[in-house]
Amino acid sequence: MNSIINHLSSLAESCHCGYDHHKLTVEKVVIEPHAIKHMAEFCKGKGMGQVVLVADERTYAAAGQLVKDALDSEGIISQTCMLPGDQNGDVVADEAAIVHVLMDVPANASAVVAIGAGTIHDIVRVVSYKMNKPFIAVPTAPSVDGFNSMGAPLIIKNQKITYQTQAPIAVFADVNVLKEAPQNMVASGFGDMLGKYTSLVDWRFGHLVAGEPYCPVVADITKKALASCVKNVGRIAERDEEGIEILTSALMMSGFAMSIFGRSHPASGAEHHLSHYWEMAFLKDGKRPVLHGAKVAVSSLLVTHLYKTESAAIFSDRTALEHLCKEEPAIKKNIKDNLKEINELFDTIPTASQLEEMLVQVRADISPDDLGIGQNLVQHSLKEAHTIRERFTFLHFLNEYVNQVSTAH
């Protein structure tokens with residue numbers, strides 16, 4: 001994986017897309033059994049004297065003691081910050097959690113170590129950034145693609161906001177730990193990857209129609225990561241060592257793509273906007289949160305059905321196009337000039353039934369009802385979720401320019 005980091009950095013430097021790429025700051029990534037031992041060696045090699053471990057009860061049980069023992073063996077002092085759950089027993093990346101960790105990290109700490117899934121990493125990411133300290137990632141489940149990215153999706157005043165902070169200096173993904181993660185967390189990681197089908201289309205569509213920044217090199221990194229998951233869905237479903245390594249590596253590659261681009265466009269489109277919309281609705285109603293990747297998996301099915309149906313209806317009728325974007329001639333012109341590529345773009349998305357078949361294979365939830373999301377919330381999200389991010393997605397186009405969104409079932 002470290003040779004891949006160098007390869008990706010070289011690719012970004014040689015790209016002539018005109019976008020200012022960000023340098024990868026991750027120094028080391030280890031995805032293998034007993035990776036935690038390498039983590040302690042890395043800390044010693046960096047001259048770290050004291051580190052703070054951030055975990056909750058479940059993630060500490062999964063890997064916290066292993067990390068502490070490995071650090072002890074290298075003579076590195078460790079202090080543990082245990083994050084409490086909310087009223088539902090879940091850790092949430094909100095103001096309270098951030099302050100809790102801020103108060104527990106001493107000024108003389110060499111680094112902060114995130115031990116857990118996506119939420120704990122997001123909390124540590126923003127705290128370490130604010131304290132100007134490096135952080136190290138120790139994932140306990142292959143559940144999201146943000147372990148090695150710069151973005152920290154936080155809940156601030158009940159609103160889902162992503163802040164660009166910093167990537168970890170190293171990631172140590174211990175396959176012995178990861179393969180013991182609950183099945184729903186493995187399915188969550190696969191669901192997060194499957195969402196790249198529509199996020200990549202949204203990203204390219206926004207570039208062609210509205211001139212949003214785009215990088216073909218970064219897009220290709222994401223496409224290859226997605227393809228590796230789809231090709232090996234059977235192994236991932238089996239949760240064997242190789243399958244977990246493949247899924248984790250793909251999630252890391254997606255994270256690198258976001259880090260190089262500096263924003264989440266390569267990995268987050270309308271399917272993620274629906275997921276964030278649902279999450280904020282759950283918070284408002286005091287309902288227990290649902291795994292990010294589980295929501296993305298379900299929203300991807302809805303978005304895919306919508307996109308396949310609406311794009312076929314809109315872009316196959318040149319007469320209908322004349323009535324679109326009357327007050328935005330530049331957008332209309334861009335659509336007409338790029339109509340062939342736009343049509344081909346939507347053909348790259350598999351059918352909803354094909355996506356569903358893969359999700360069933362990894363035992364993922366496939367309907368909003370499975371997640372406790374009612375049809376009323378679904379319909380509101382299809383009409384309003386595009387407003388939570390300043391992105392020119394196809395969902396944004398449907399709502400703001402076509403002014404109708406069909407019911408997706």
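In which helix is H276 found? In this predicted model, H276 is found in helix α12, and with a relative accessibility of 5% it counts as buried. When residues up to four places away in sequence are not counted, H276 touches K160, H292, I388 and R389. Helix α12, which comprises residues 270-284, also holds K284, and this lysine is exposed, with a relative accessible area of 70%. The C-alpha atoms of K284 and N158 are 6.9 Å apart in space, although the two residues are 126 residues apart in sequence. Helix α12 therefore holds both a buried residue, H276, at 5% relative accessibility, and an exposed one, K284, at 70%.

Aromatic pairs were considered next. A pair of aromatic rings is described by the distance of the centres and the angle of the planes. A search of the whole structure finds 18 aromatic pairs. Among them is the pair formed by W203 and Y214, which is tilted, with 4.5 Å from centre to centre and 55° between the planes. This pair links distant parts of the chain, since W203 lies in helix α8 (residues 196-210) whereas Y214 lies in the loop between α8 and α9 (216-231), the two being 11 residues apart. Both W203 and Y214 are buried. The ring of Y214 has a further partner, in that the charged end of R204 sits over this ring, 4.7 Å from its centre. An arrangement of the same kind involves K287, whose charged end sits over the ring of F282 at 4.2 Å from the ring centre.

A second aromatic pair is formed by F394 and F397, whose ring centres are 5.9 Å apart and whose planes meet at 20°; because planes under 30 degrees apart count as stacked, this pair is placed in that class. F394 and F397 both lie in helix α19 (residues 394-402), where they are 3 residues apart, or about one turn of the helix, and both are buried. These two phenylalanines also belong to a cluster, linked by ring pairs, that consists of F205, Y307, F315, F346, F392, F394, F397 and Y401.

Charged pairs form another group of contacts. Side chains of opposite charge can pair when their charged atoms come close. The structure holds 14 salt bridges, one of which is formed by D90 and R58, with the closest N and O atoms 3.8 Å apart. This salt bridge links distant parts of the chain, with D90 in the loop between β3 (77-82) and α4, R58 in helix α3 (residues 57-73), and their positions 32 residues apart in sequence. The partners differ in their exposure: D90 is buried, with a relative accessible area of 10%, whereas R58 is exposed, with a relative accessible area of 51%. Since the limit for an exposed residue is over 50%, the value of 51% places R58 in the exposed class. Both residues take part in a network of salt bridges that links R58, D90 and R288.

Another salt bridge is formed by R125 and D122, whose closest N and O atoms are 3.8 Å apart. R125 and D122 both lie in helix α5 (residues 118-130), 3 residues apart, about one turn of the helix, and both are buried. In the salt bridge between R235 and E242, the closest N and O atoms are 3.4 Å apart. Here R235 is partly exposed, with a relative accessible area of 34%, and E242 is likewise partly exposed, with a relative accessible area of 42%. Because partly exposed residues are those between the limits of 20% and 50%, the value of 34% assigns R235 to this class, and the value of 42% does so for E242.

Features of the surface complete the description. V99, L102 and M103 make a nonpolar surface patch of about 300 Å². Of these residues, M103 is found in helix α4 (residues 95-104) and is exposed, with a relative accessible area of 67%. A further exposed position is G45, which is found in helix α2 (residues 35-45) and counts as exposed at 70% relative accessibility. G45 and L283 are 238 residues apart in sequence, and their C-alpha atoms are 42 Å apart in space.

Conventions:
Residues are numbered from 1 along each chain as its sequence is written. This is a predicted model: local features need pLDDT of at least 70, side-chain atom pairs count only at pLDDT 80 or more; totals for chains, interfaces and linings use all residues. Side-chain values use heavy atoms; hydrogens and water are left out. Rings of Phe, Tyr and Trp (its six-membered ring) pair if their centres lie within 6.5 Å; planes under 30 degrees apart count as stacked, over 60 as edge-to-face and the rest as tilted. Helices (H or I, at least four residues) and strands (E, at least two) are DSSP runs, numbered from the N terminus. Buried means under 20% relative accessible area, exposed over 50%, partly exposed in between (1.4 Å probe, protein chains only). A charge sits over a ring if NZ of Lys or CZ of Arg is within 6 Å of the ring centre and within 35 degrees of the ring normal. Patches are made of residues with over 30% relative accessible area and no salt bridge: like charges are joined within 9 Å, nonpolar side chains (Val, Leu, Ile, Met, Phe, Trp, Tyr) within 5 Å. Accessible areas come from the Shrake-Rupley method with a 1.4 Å probe; for residues, only the protein chains shown count as cover. A salt bridge is a side-chain nitrogen of Lys or Arg within 4 Å of a carboxyl oxygen of Asp or Glu. Contact means heavy atoms within 4.5 Å.
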